[in-house]
Amino acid sequence: SAASDICVSFAGCAGQRCMAASVLLLTPGAHQDELMDALLTKTAAIQPGTGPGQMGPVIDEMSYNKIIKYIELAEKEDGAKLLLD
(Lines give C-alpha, C1' and ligand atoms only; values in the text may rest on other atoms or scores of the structure.)
Protein backbone atom coordinates (compact mmCIF):
# COMPACT_ATOMS: atom_id res chain seq x y z
CA SER A 1 0.00 0.00 0.00
CA ALA A 2 1.07 3.63 -0.34
CA ALA A 3 1.24 4.03 3.44
CA SER A 4 3.57 1.02 3.76
CA ASP A 5 5.86 2.28 1.00
CA ILE A 6 6.01 5.75 2.54
CA CYS A 7 6.82 4.33 6.00
CA VAL A 8 9.63 2.19 4.60
CA SER A 9 11.13 5.20 2.83
CA PHE A 10 11.04 7.39 5.93
CA ALA A 11 11.88 4.82 8.59
CA GLY A 12 14.30 2.45 6.87
CA CYS A 13 17.80 2.79 8.35
CA ALA A 14 16.24 5.13 10.93
CA GLY A 15 15.76 7.63 8.10
CA GLN A 16 19.51 8.14 7.83
CA ARG A 17 20.25 6.76 4.38
CA CYS A 18 20.81 9.06 1.43
CA MET A 19 17.61 7.97 -0.33
CA ALA A 20 15.34 8.30 2.71
CA ALA A 21 12.31 10.51 2.32
CA SER A 22 12.51 13.69 4.32
CA VAL A 23 9.30 15.49 3.32
CA LEU A 24 5.80 14.31 2.49
CA LEU A 25 3.49 16.74 0.76
CA LEU A 26 -0.15 15.80 0.58
CA THR A 27 -2.36 17.70 -1.79
CA PRO A 28 -5.98 18.28 -0.81
CA GLY A 29 -8.14 15.44 -2.01
CA ALA A 30 -10.54 12.71 -1.10
CA HIS A 31 -7.86 10.34 0.21
CA GLN A 32 -5.71 12.77 2.23
CA ASP A 33 -7.25 11.94 5.62
CA GLU A 34 -7.31 8.21 4.88
CA LEU A 35 -3.61 8.23 3.96
CA MET A 36 -2.64 10.20 7.07
CA ASP A 37 -4.63 7.81 9.28
CA ALA A 38 -2.95 4.82 7.62
CA LEU A 39 0.50 6.41 8.00
CA LEU A 40 -0.03 7.12 11.68
CA THR A 41 -1.24 3.56 12.27
CA LYS A 42 1.74 2.06 10.42
CA THR A 43 4.34 4.29 12.07
CA ALA A 44 2.89 3.73 15.54
CA ALA A 45 3.41 -0.01 15.00
CA ILE A 46 7.15 0.35 14.26
CA GLN A 47 9.16 -1.09 17.14
CA PRO A 48 12.79 -0.37 18.05
CA GLY A 49 15.24 -3.03 16.98
CA THR A 50 17.26 -4.29 14.05
CA GLY A 51 14.90 -6.89 12.60
CA PRO A 52 12.54 -6.63 9.64
CA GLY A 53 9.92 -3.94 10.20
CA GLN A 54 11.83 -2.44 13.10
CA MET A 55 13.68 0.88 13.35
CA GLY A 56 17.27 0.88 14.52
CA PRO A 57 18.95 3.62 16.53
CA VAL A 58 20.09 6.98 15.22
CA ILE A 59 23.79 6.69 14.34
CA ASP A 60 25.18 8.95 17.08
CA GLU A 61 24.34 11.67 19.61
CA MET A 62 25.16 14.47 17.16
CA SER A 63 22.60 13.12 14.68
CA TYR A 64 20.03 12.69 17.44
CA ASN A 65 20.51 16.29 18.58
CA LYS A 66 20.20 17.54 15.00
CA ILE A 67 16.90 15.69 14.56
CA ILE A 68 15.51 17.11 17.83
CA LYS A 69 16.66 20.61 16.83
CA TYR A 70 14.80 20.42 13.50
CA ILE A 71 11.63 19.16 15.16
CA GLU A 72 11.71 21.97 17.73
CA LEU A 73 12.47 24.54 15.02
CA ALA A 74 9.55 23.37 12.88
CA GLU A 75 7.20 23.54 15.86
CA LYS A 76 8.39 26.98 16.93
CA GLU A 77 8.82 28.75 13.59
CA ASP A 78 6.34 27.01 11.31
CA GLY A 79 3.63 25.87 13.70
CA ALA A 80 4.30 22.22 12.92
CA LYS A 81 2.57 19.68 15.12
CA LEU A 82 4.25 16.41 16.09
CA LEU A 83 1.61 13.73 15.54
CA LEU A 84 3.56 10.75 16.84
CA ASP A 85 6.55 10.43 19.14
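**Entry 1. The second largest pocket**

I looked up which element gives the most to the lining of the second largest pocket, and H1 does so, with 4 residues. I note at the outset that this is a predicted model. H1 and strand E2 (54-55) each supply at least two residues of this lining. I recorded a volume of about 200 Å³ for the second largest pocket.

I then listed the residues of the lining: Ser 4, Cys 7, Val 8, Ala 11, Gly 12, Lys 42, Ala 45, Ile 46, Gly 53, Gln 54 and Met 55. By class, the lining of the second largest pocket holds 6 nonpolar residues, 4 polar and 1 charged.

**Entry 2. Gly 12**

I took Gly 12 from that list, as one of the residues lining the second largest pocket. Gly 12 is located in the loop that joins H1 and H2. Is Gly 12 buried or exposed? I entered Gly 12 as buried, because its relative accessibility is 18% and the cut-off for buried is under 20%. I also looked up its separation from Ser 1: the two residues are 11 apart along the chain, and their C-alpha atoms are separated by 16 Å.

**Entry 3. The largest pocket**

I turned next to the largest pocket, which encloses about 2000 Å³ of space. How many residues line the largest pocket? I found 40, and those nearest the centre of the pocket are Phe 10, Ile 67, Ile 71, Leu 82 and Leu 84.

I checked which elements contribute. Helix H1 (2-11), helix H2 (32-44), strand E1 (47-48) and helix H3 (61-78) each provide at least two residues of the lining. The most comes from H3, which gives 11 residues to the lining of the largest pocket. I sorted the lining by class and obtained 28 nonpolar, 7 polar and 5 charged residues.

**Entry 4. A nonpolar patch and Leu 82**

I looked for nonpolar patches on the surface and noted one formed by Ile 67, Ile 71 and Leu 82. Together these residues have about 220 Å² of accessible area. Ile 67, Ile 71 and Leu 82 are also among the residues nearest the centre of the largest pocket.

I placed Leu 82 in the segment that follows H3. Leu 82 is partly exposed because its relative accessible area is 42%, which lies between the 20% and 50% cut-offs.

**Entry 5. Asp 85**

I found Asp 85 in the segment after H3. Why does Asp 85 count as exposed? Its relative accessibility is 91%, and exposed means over 50%. I looked up Asp 85 against Ala 44 as well: 41 residues separate them in sequence, while C-alpha to C-alpha they are 8.4 Å apart in space.

**Entry 6. The chain as a whole**

I closed with the overall layout. The chain has 3 helices and 2 strands, and along the sequence these follow the pattern α-α-β-β-α. I took the extent of the chain along the principal axes, and the C-alpha atoms fill a box of roughly 40 × 35 × 20 Å. Of the 85 residues in the chain, I recorded 9% as buried; Gly 12 counts as buried.

Notes:
Residues numbered from 1 in each chain as written. Predicted model: local features only at pLDDT ≥ 70, side-chain atom pairs only at ≥ 80, totals over all residues. Heavy atoms only, no water. 1 Å grid on protein atoms, 1.4 Å probe; cavity = no way out; pocket = protein on both sides within 12 Å on 5 of 7 lines; lining within 4 Å. Points joined across faces, edges and corners; volume = space filled by probe spheres on them. Nonpolar A, V, L, I, M, F, W, Y, C, P; charged D, E, K, R; others polar. Patch = residues over 30% accessible without salt bridge, like charges linked within 9 Å, V, L, I, M, F, W, Y side chains within 5 Å. Areas by Shrake-Rupley, 256 points an atom, 1.4 Å probe, with all protein chains shown as cover. Salt bridge = Lys/Arg side-chain N within 4 Å of Asp/Glu carboxyl O. Buried < 20%, exposed > 50% of the residue type's maximum accessible area, 1.4 Å probe, protein only.
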